[in-house]
Amino acid sequence: MDEMKRYLIFGVMLAVVLLSACKAGRGFRGDDSALSDSLGVDSLAADSLDGDFSNVVVPKAADELFDDFIFNFAGNSKLQRERIVFPLKVITHGRQTMMKRQQWQMDYFFMRQGYYTLLFDSERHMEIVKDTSVTRAVVEKIFFEDQTIKQYVFNRIRGTWMMTCINEIPMQQSHNASFLDFYHQFVSSLAFQQAHLEKTVKFVGPDPDDDFAQMEGIITPDTWPAFSPQLPNNLLYNIVYGRPEKCGKQKVLVLRGIANGLELQMTFRLKNNTWRLTKMIT
């Protein structure tokens, strides 16, 4: 099988597994629910999340890594109320109020959509999710239509993760503002995507000839329509581990399925004030 055929087969596989809505000559303007559907999310199961997790005893080890904690926090209403410092400080574009316990409503975060996204400054930076010394984390809900970011601030207090504040800010105040503006354009137009690729984009993915092997190759702008993934375009989640650093010249976007092991990793670099996709791993 020649290399071009291998690339095209890989593109079709990627479309079936993650993309489902890819059509040449048009962007991805559909509801983010289409992405949930393509990942096999069961809406009925999502509605019963709290019932599934409410009786689960959270092990002490879950407080070591924020990733372990947030999945329990997002699926267990009892735990959620126990792990919020009430009255909760809520800051909305600089205006502060205090929320009482009885005003809180269960927030499932990304659990109902069946996947979540993360932004890292480099592939090396991705290792921070395994760092047990992290004592601060911020879950961000990024709303592109409203151009706002809702930040849920967590601190590990005496070894226990607690939500201590909610802070809503304009998107332009984010340390990721430049990339987020680019990302929204990128997911909305296939033509914009093709114009913002490196001349060759490195990809790593499953080998169609061997279920236990991976293949490496390149994607060019003219073959991009067969590879272009469906990505969330209305709401994006992110988790900031520790204190955010000044935005650098690289961003790694990771999309992970919660229950199915699917993962997509896309690396972008800022060159001449323009973000470009340089690498994709599935």
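User: What pLDDT does the chain average, and what share of the residues score at least 70?

Analyst: This is a predicted model, and the chain averages a pLDDT of 84, with 79% of the residues at 70 or above. Where pLDDT is low, the predicted coordinates should not be read in detail. Here that applies to residues 1–30, where pLDDT stays under 50 although the model has 70 contacts for them beyond four places in sequence. The score is also below 50 over residues 42–47, a stretch with three contacts beyond near neighbours in sequence.

User: In what order do the six strands of the open sheet stand?

Analyst: Strands of a sheet pair through backbone hydrogen bonds, in a parallel or an antiparallel sense. In this model the order is β2-β1-β6-β5-β4-β9, and the pairing is mixed. The edges are β2 (95–99) and β9 (235–241); each has a single partner strand, so one side of each lacks a neighbour in the sheet. On average, neighbouring strands of this sheet are turned by 20 degrees against each other, direction ignored.

User: How many bridges link β4 and β5, and in which sense do they pair?

Analyst: Strand β4 (residues 136–143) and strand β5 (residues 148–157) pair in the antiparallel sense over eight bridges. To place the register, take Lys141, which stands opposite Lys150 in β5.

User: Which residue in the loop between β4 and β5 has a positive phi?

Analyst: Most residues other than glycine have a negative phi, and most peptide bonds are trans. Gln147 lies in the loop between β4 and β5, and its phi is positive, about 60 degrees, although Gln147 is not a glycine. Its relative accessibility is 35%, so Gln147 counts as partly exposed. His93, in the loop between β1 and β2, also has a positive phi, near 50 degrees. With a relative accessible area of 44%, His93 is partly exposed.

User: Where is the cis peptide bond?

Analyst: The cis bond joins Phe86 and Pro87, with omega about -5 degrees. Pro87 is found in strand β1 (residues 84–92).

User: Which way do the side chains of β3 point, and are they buried or exposed?

Analyst: In a regular strand the side chains alternate between the two faces of the sheet. In β3, Tyr115, Thr117 and Leu119 point one way, while Tyr116, Leu118 and Phe120 point the other way, and all are buried. Six of the six residues of β3 are buried, so β3 is largely enclosed by the rest of the structure. The strand pairs with β10 (residues 250–257) in the antiparallel sense over six bridges. One of the bridge partners is Val252 in β10, matched with Phe120.

User: What does Asp121 contact, leaving aside its neighbours within four places in sequence?

Analyst: Asp121 sits in the loop between β3 (115–120) and β4. Leaving aside those neighbours, Asp121 is in contact with Glu245, Gln250 and Lys251. The side chains of Asp121 and Lys251 are joined by a polar contact of 2.4 Å.

User: How far apart are the end C-alpha atoms of helix α7, and what span should its residues give?

Analyst: The check multiplies a rise per residue into an expected span. At 1.5 Å a residue, the 12 residues of α7 (residues 177–188) should span 16 Å, and the end C-alpha atoms are 17 Å apart, which agrees.

User: Which residues of α7 are buried?

Analyst: The buried residues in α7 are Phe179, Leu180, Phe182, Tyr183, Phe186, Val187 and Ser188.

Note on methods: Residues numbered from 1 in each chain as written. Predicted model: local features only at pLDDT ≥ 70, side-chain atom pairs only at ≥ 80, totals over all residues. Heavy atoms only, no water. Pairing = 2+ DSSP bridges. Helix = DSSP H or I, 4+ residues; strand = E, 2+ residues; numbered from the N terminus. Axes fitted to C-alpha atoms, helices over the stretch in contact; angles between N-to-C directions. Polar contact = N/O pair within 3.5 Å; in protein donor to acceptor, adjacent residues only side chain to side chain. Contact = heavy atoms within 4.5 Å. Expected span 1.5 Å × (residues − 1). Buried < 20%, exposed > 50% of the residue type's maximum accessible area, 1.4 Å probe, protein only. pLDDT = per-residue confidence, 0-100.
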